[in-house]
Amino acid sequence: MTRKRHVVGIDLGTTNTVVAFAASGGDSIGLFDIDQLVAPGEVKAGALLPSLRYHPADGELAPGALQLPWAATEGQVIGTLARKLGAQVPGRLVSSAKSWLSHSAVDRLAPILPWGAPADVPKLSPVDASASYLAHVRAAWNWRFPQAPLEQQEVVLTVPASFDEGARALTLRAAQQAGLPAVRLLEEPQAVFYDWLFRHRANLGAALANTRLVLVCDVGGGTTDFSLIKVDIRDGEPQLTRIGVGKHLMLGGDNMDLVLAHMVEARMNAEEGGQARLSAARLSQLLERCRAAKEELLAAGAPAQVQVTLLGAGAKLIGGARSATLTRDEVARAIVDGFFPKVGPAEQATQRRAGIVEFGLPYASDAAITRHVASFLAQHAAAAREALGLPPGGALPVPDTLLLNGGVFRAAALASRLEDTLAEWRGAPLHLLHNDNPDVAVARGAVAYALAREGLAPKIGGGSPRSYFLVLENDTKAICILPRGSEEGREIVLQDRIFALRLGQPVRFHLVSSIADSGPVVGQVIDLSDGDFVPLPPIATVLRGGSRQQIPVRLATSITEVGTLEMHCVSTDDQSQRWLLEFQLRGDGAEEGSLEANYPLPPNLGEAIGKIERVFGSRGQQVPPKEVRQLRRDLEKLLGGREQWHTPLLRKLFDALLQRARGRRRSAEHEAVWLNLAGFCLRPGFGYALDPWRIEQLWALFEAGVQHHSNAQAGAEWWTLWRRVSGGLDKDAQLRLLDDFAFNVQADKAERGKRPVTLVRGSRDEMMRLAASLERIPAAYKVEVGAWLLDILKQGPDAQALAALGRVGARQPFHGSAHEVVPPDVVADWLEAILAFDWKRVDAAAFAAAHLARMTGDRSRDVPEPLRQRIIERLEASGAAPAWIAMVREAGSLDEAVEQRMLGDSLPPGLTLIDGPRG
């Protein structure tokens, strides 16, 4: 094997990517200057590689303009030139990919960036974007050091301490995709401290002699990260232990740039006497201009003001330019007072639902970083008091030492405000650890961490920053499977609890984590109502292997050496037989949780399943048609009205139906009843553990169609089934349904004569409902469906067509991703057509308009403001429901009645769809 000649640290930042390195066994850390395009055809090396990717239009750049020393890039620009081009041309710049990696409400593996870009702009996923930055770094390194390829070195990649298991796993996936299969993860606040420790290693005892507790505050481009590190002096040498990390906060320089962009936009409009809002693409362009203005006005020796200019588009590139002035004082007020206000120690962060969602990202609703610091210190008060030697109770314990990092703290006013606020809380000044270069400290610290592992530098202890718990079925309690502080690489086995593992069948585990400083021990059972627990992505899978269908296993967990949680099922009979359990990382917008705690299964469930077995089970039972048709009524007698069947019960019933799916073929009655119940029990197709597996099994039945083709009821139930579960179907499956929809509504007489026997007939109304539910199909197809519906509406108001149009063009999908909504300009035309109806007489028109004009806060989806105001006025004049008016006036959640009418079904009790962009 090739000897690892270097240790390399990579800070994959929201704003910049930085690389540092040292010779293995060495004691000198240097920066790797990354070659990148700084102008078309011009390459220059620099320590900072902007974490930006620009997608040029065809012919925009001359041939050879993107040539790099190692190769020509194909259709992409990364780094400094990407920033320059993105500031000039709207809608083609991929930014904040790191923030999207942590956004679990979207499919982070789907091509959604640049967010809000026109349809003709190539898009890629947050993982792909992150991988492209790392691939650029790898190519630059390998060109410079061909004898020591990056993939063969020891590589440490940094992540926010607040990244959950899903975001960490996706970061590793991006690294693997970039050709870096073996990297180690390190939390960024620790890396910052490692950098300081390495630079002061010669006199560390003296430098930390009066320090007992260090607060590391890292405010980057996309996240704010806190960590507490305890310092014990033993024999004159400091012993370092990380004792607390903060919650995930999507709050940083991006938010500050957005505040300034709003100021400039309002100023431009006021000067021009207009009210037009910039498009999402143009706002993205303005953000880059405001970022540069912010850095200039907050720097030492800043000018009194700067001009922010937004170039025009196309032929009006220069003549269409718009400008506004930002002054040093007003920027200081907006940023310093807005993000670092002077607050008291008891004034903690507010937890409002709605934050800034201009680009589909769930930014923190409270922008005051000082309040978030107070909340963080309060959460870790017990551990902080112990570290500081303070008695229990009393005032908020404030660390005696502060280490700041992040580009925002290059502005002395921001650093001073935070330091002064903490000093007021403490009643004494803090010791400020000097960070000589916040831009590169994380990358250098990643190298120092690797050297510390070799015994060449001081090391921080502390192990896992979180405790992990397995939620127990049918209870509100959970059992600790890995306590806070567990060492990396040490496997912990839950000895006292044995599980029955079903091979070849679905198994599921719900996990939660906690950063609380009152750490439990392995096997300890805790009450979930007693703390602040964060649900992890679900672990749900079907395991293969072995001849026995059910075997006893124990759970084994560990924090791997690369910094991620790993969980195995280990056979009690043969410990070499083990199964790795993996988190589901594709966001589907559903709230996965242990619903059984609040919705226990009824005691007569077994009798109900017996009824299903009698109708669809063994052929030996002769069941008369009347009894088949009455199955639903019989189940309701046992279980109560079916609208009250909660999610855990519904899925148990669906599993029973799925196991007996062959029995649906016995008669038309059997088939219609089975389809009806199966769709009802699996609706909306997602939101509960193992629903993806259930959908996979159900979809396997699709191509065969219905058995009883001539039976109208069976055909109608077929389409009702797929409409109800459509939320669980992926894009390819929904496109397959769209094919059948198109045949049913477009085929002429000759084509109908060639209808495949498996293609189920569907009425016009059934096809309307089906098309409305296909939220994952590309927006271009939705536009075509909308045109078909508008043709129907030209003949007069049609309640079903209006309902379908409202959902096809809805600004906020129920299960689809927000990046596939119909463009606002198309929806504006649809709204003009709907405005022609009398809404007092046709309330379906008002309802559809409310969804088409619904306010999301994301200007890439919202219709123009004047049109939205017209819709509000019309809704008020027609006496529309207050809930309909509210959803157009401001961003918020739907109430249950609106949700049920839009879906055409109620959601199962216990299952809640979360508003927000989905994957």
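The legends below describe close-up views of a predicted model.

**View 1. Helices H5 and H13 pack against each other.** Helix H5 covers residues 188-199, and helix H13 covers residues 441-453. Their axes lie 7 Å apart. The packing angle is about 75 degrees. Angles of 65 to 115 degrees count as roughly perpendicular, so H5 is roughly perpendicular to H13. On the H5 side, the contact is made by Glu188, Ala191, Val192, Tyr194, Asp195, Phe198 and Arg199. On the H13 side, these meet Ala441, Val442, Arg444, Gly445, Ala446, Ala448, Tyr449, Leu451 and Ala452. Sorted by class, the contact of H5 with H13 has 11 nonpolar, 1 polar and 4 charged residues.

**View 2. Five strands form an open antiparallel sheet.** The strand order is S26-S21-S20-S25-S27. Strand S26 (525-527) and strand S27 (534-535) are the edge strands. Each of them pairs on one side only. Strand S21 spans residues 477-482 and is joined to S26 by 3 bridges. The two strands run antiparallel. Ala478 has Ile526 in S26 as its bridge partner.

**View 3. Three strands make an open sheet in the order S8-S7-S9.** The pairing is antiparallel. Strand S8 (77-78) and strand S9 (93-94) sit at the edges. Each edge strand pairs on one side only. Strand S7 consists of residues 53-54, and 2 bridges join S7 to S9. Tyr54 has Leu93 in S9 as its bridge partner.

**View 4. Strands S13 and S14 form a hairpin.** Strand S13 spans residues 224-234, and strand S14 spans residues 237-245. They run antiparallel and are joined by 8 bridges. Lys230 stands opposite Thr241 in S14. The hairpin has 2 residues between its strands. In the turn, Asp235 has a positive phi of about 55 degrees. S14 also pairs with strand S19 (residues 460-461). Here the strands run parallel, with 2 bridges. Thr241 appears in this pairing as well: its bridge partner in S19 is Gly461.

**View 5. Arg168 and Glu187 meet in a salt bridge.** Their side chains are 3.5 Å apart, N to O. The pair links distant parts of the chain, 19 residues apart. Arg168 belongs to helix H4 (residues 165-177). Glu187 belongs to strand S11 (residues 183-187). Both Arg168 and Glu187 are buried.

**View 6. Glu330 forms a salt bridge with Arg267.** The closest N and O atoms are 2.8 Å apart. Glu330 lies in helix H9 (residues 328-339) and Arg267 in helix H7 (residues 253-272), so this pair ties together parts that are 63 residues apart in sequence. Glu330 counts as buried because its relative accessibility is 11%, under the 20% cut-off. Arg267 counts as partly exposed because its relative accessibility is 26%.

**View 7. A salt bridge joins the side chains of Arg807 and Glu775.** The N to O distance is 3.0 Å. Arg807 lies in helix H25 (residues 799-808). Glu775 lies in the loop between helix H23 (764-773) and helix H24 (779-793). The pair therefore ties together parts that are 32 residues apart in sequence. Arg807 and Glu775 are both buried.

**View 8. Six charged residues are linked in a network of salt bridges.** The arginines in the network are Arg83, Arg291 and Arg410. The acidic residues are Glu288, Glu295 and Asp439. The structure as a whole holds 41 salt bridges.

**View 9. Ala119 sits in a loop.** The loop runs between helix H2 (97-101) and helix H3 (126-144). Ala119 has a relative accessible area of 81%, so the residue is exposed. Cys569 lies 450 residues from Ala119 along the chain. The C-alpha atoms of Ala119 and Cys569 are separated by 45 Å.

Notes
Residues numbered from 1 in each chain as written. Predicted model: local features only at pLDDT ≥ 70, side-chain atom pairs only at ≥ 80, totals over all residues. Heavy atoms only, no water. Axes fitted to C-alpha atoms, helices over the stretch in contact; angles between N-to-C directions. Helix = DSSP H or I, 4+ residues; strand = E, 2+ residues; numbered from the N terminus. Parallel < 35°, antiparallel > 145°, perpendicular 65-115°, else oblique. Contact = heavy atoms within 4.5 Å. Pairing = 2+ DSSP bridges. Salt bridge = Lys/Arg side-chain N within 4 Å of Asp/Glu carboxyl O. Buried < 20%, exposed > 50% of the residue type's maximum accessible area, 1.4 Å probe, protein only.
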